[in-house]
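Welcome to a short set of exercises on reading a protein model. Try each task with the structure open, then compare your steps with the solution.

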Amino acid sequence: MKNVKVILISVALCATVFANARIEALGGDAGFWPGDRANATAFPGTLNDSQWVEFGGVEGADGPSASINWGGDVKWGFNFDAAGNDDWVNITWAKDGMGLRVAMLSGEDFDDAGVSEGAVSGFDLGWGQAMSFGELGVGYSTYDSGAAGSEAQTSLTVNWRGTCEAWLFDNAKASLSMNDGTMYAVAEAEMGLWDEDAAGTLSEYSSMMLDYDLFTHLKPADGVTALVAMGFGYWSYDLGSGVDGTSMYLPNALVAVEASMTDWATVRAHVGQSHTFSSDLGGADLRTGNNTDYGFGVGFGWTTSNGSSVSLDMEVSNSLFTDPISSMTGYKTGNLSNGEVTVSYVF
């Protein structure tokens with residue numbers, strides 16, 4: 001089941017553009033890094049915190065995405081994606097600690113002969129605000145591909161983050177996600193459980209996920225920030241035809257480090273381990289044990305004359321650190337970047 005949990009969390013029906021290379025190099029979860037602009041997806045209230053122009057996926061094969069957020073007491077934002085999606089409108093609004101995002105999908109696909117394959121439609125709504133008990137973010141999405149026999153795919157997500165003095169940790173976050181629709185059958189392929197009926201149609205797929213994490217940031221030296229996080233996850237899913245399953249992840253652990261080499265260059269790295277504590281499908285036990293993930297990144301940033309900042313962040317292959325000379329001079333085969341490059345201007 002490696003990466004199944006990550007796949008489900010990453011599914012976006014009408015994607016709002018807030019992913020970035022810094023977060024990918026630090027474990028892929030913006031919730032552990034308050035203050036980063038990528039938090040605007042799970043916690044739209046953070047749209048109040050800053051103004052920016054940002055381009056993501058600059059080196060990606062699908063072309064870059066872009067987002068802009070600006071204003072004084074009231075902030076407005078627009079989001080764009082060059083990956084061939086059908087966004088009709090994708091905007092954000094923020095005021096007095098509250099944030100809202102609205103994305104609407106509208107389009108029609110045609111085959112090479114000019115025959116319509118269906119009208120694509122859907123929307124993605126998100127709301128968030130800082131409360132007395134912590135930050136809250138709620139999102140609801142629905143998507144219909146328009147293909148013959150397809151059903152609408154929906155997702156409801158609730159995120160919370162706040163202070164929590166427990167053992168070594170001083171912060172906590174939680175997420176509840178309920179999903180329904182064949183789009184989520186991508187997880188079945190990862191598990192080797194691609195389930196089709198006689199007509200070759202994917203079975204209906206629904207799931208519920210619950211995550212709770214404790215985390216803290218340490219400052220072992222000037223210019224160095226370390227993240228330590230630990231928690232658990234629970235996943236319940238139904239593949240249709242009476243076949244269902246559950247998985248529990250305990251613990252989910254993550255260690256990440258961000259360190260300044262100079263006043264304009266930063267290195268980042270993370271190692272995460274998810275232990276499948278129990279897992280079953282249709283009454284039969286599945287594999288348990290550890291799944292490990294890791295990643296590296298570098299960032300370059302400069303402060304402009306008006307006090308604003310420009311940064312370029314990359315998620316990179318580990319060869320940059322194990323064989324830096326060959327990587328930087330071009331003698332090493334493969335790309336220096338893993339395809340995730342973000343350019344940002346914060347003002």
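**Exercise 1.** How many bridges join strand 8 (residues 153-166) to strand 9 (residues 169-180), and in which sense do the two strands run?

*Solution.* Before starting, keep in mind that this is a predicted model.
- Step 1: Look at the two strands side by side. Strand 8 and strand 9 run antiparallel, and 11 bridges join them.
- Step 2: Pick one pair as a check. Thr-157 has Ser-177 in strand 9 as its bridge partner.
- Step 3: Follow the chain around the turn. The hairpin formed by strand 8 and strand 9 has 2 residues between the strands, and Trp-167 in this turn has a positive phi of about 55°.

**Exercise 2.** Continue from strand 9 through strand 10 and strand 11, and find which residue of strand 12 stands opposite Met-230.

*Solution.* Let's walk across one strand at a time.
- Step 1: Strand 9 is joined to strand 10 by 10 bridges, and the two run antiparallel. Here Asn-179 is paired with Ser-207 in strand 10.
- Step 2: Strand 10 (residues 206-221) and strand 11 are also antiparallel, with 14 bridges. Leu-214 faces Met-230 of strand 11. In the hairpin of these two strands, 2 residues lie between them, and Gly-223 in the turn shows a positive phi of about 80°.
- Step 3: Strand 11 and strand 12 pair in the antiparallel sense, over 15 bridges. Opposite Met-230 you will find Ala-253 in strand 12. These strands make a hairpin with 2 residues between them, where Ser-241 has a positive phi of about 55°.

**Exercise 3.** Is Ser-207 buried or exposed? Decide the matter for Gly-118 too.

*Solution.* The cut-off you need is that buried means under 20% relative accessible area.
- Step 1: Ser-207 belongs to strand 10. Its relative accessibility is 8%, so Ser-207 counts as buried.
- Step 2: See what surrounds this serine. Leaving out residues up to four places away in sequence, Ser-207 touches Ser-177, Met-178, Asn-179, Trp-235, Ser-236 and Tyr-237.
- Step 3: Now turn to Gly-118, which lies in strand 6 (residues 116-131). Its relative accessibility is 9%, so Gly-118 counts as buried.
- Step 4: List the contacts of this glycine. Not counting neighbours within four places in sequence, Gly-118 is in contact with Gly-107, Glu-108, Asp-109, Ser-145 and Gly-146. Gly-118 and Gly-146 are 28 residues apart in sequence, yet 4.1 Å apart in space, C-alpha to C-alpha.

**Exercise 4.** Which strand supplies the largest share of the lining of the second largest pocket?

*Solution.* First, the idea behind the search.
- Step 1: Rolling a probe the size of a water molecule over the atoms shows where empty space is left.
- Step 2: The second largest pocket has a volume of about 490 Å³. It is lined by 31 residues, and those closest to its centre are Arg-22, Thr-266, Arg-268, Ser-311 and Asp-313.
- Step 3: Several strands each supply at least two lining residues, among them strand 13 (265-281), strand 15 (289-303) and strand 16 (309-316). The largest share, 5 residues, comes from strand 15.
- Step 4: Sort the lining by character. It divides into 7 nonpolar, 15 polar and 9 charged residues.

**Exercise 5.** How many helices and strands does the protein have?

*Solution.*
- Step 1: Count the elements: there are 5 helices and 17 strands.
- Step 2: Add the burial. Of the 347 residues, 39% are buried.

Note on methods: Residues are numbered from 1 along each chain as its sequence is written. This is a predicted model: local features need pLDDT of at least 70, side-chain atom pairs count only at pLDDT 80 or more; totals for chains, interfaces and linings use all residues. Side-chain values use heavy atoms; hydrogens and water are left out. Helices (H or I, at least four residues) and strands (E, at least two) are DSSP runs, numbered from the N terminus. Buried means under 20% relative accessible area, exposed over 50%, partly exposed in between (1.4 Å probe, protein chains only). On a 1 Å grid over the protein atoms alone, a cavity is a set of points where a 1.4 Å probe fits but cannot get out, and a pocket is an open set with protein on both sides within 12 Å along at least five of seven lines; lining residues have an atom within 4 Å of a point. Grid points are joined across faces, edges and corners, and a volume is the space filled by probe spheres set on the points. Ala, Val, Leu, Ile, Met, Phe, Trp, Tyr, Cys and Pro count as nonpolar, Asp, Glu, Lys and Arg as charged, and the others, Gly among them, as polar. Two strands pair if DSSP finds at least two bridges between them. Contact means heavy atoms within 4.5 Å.
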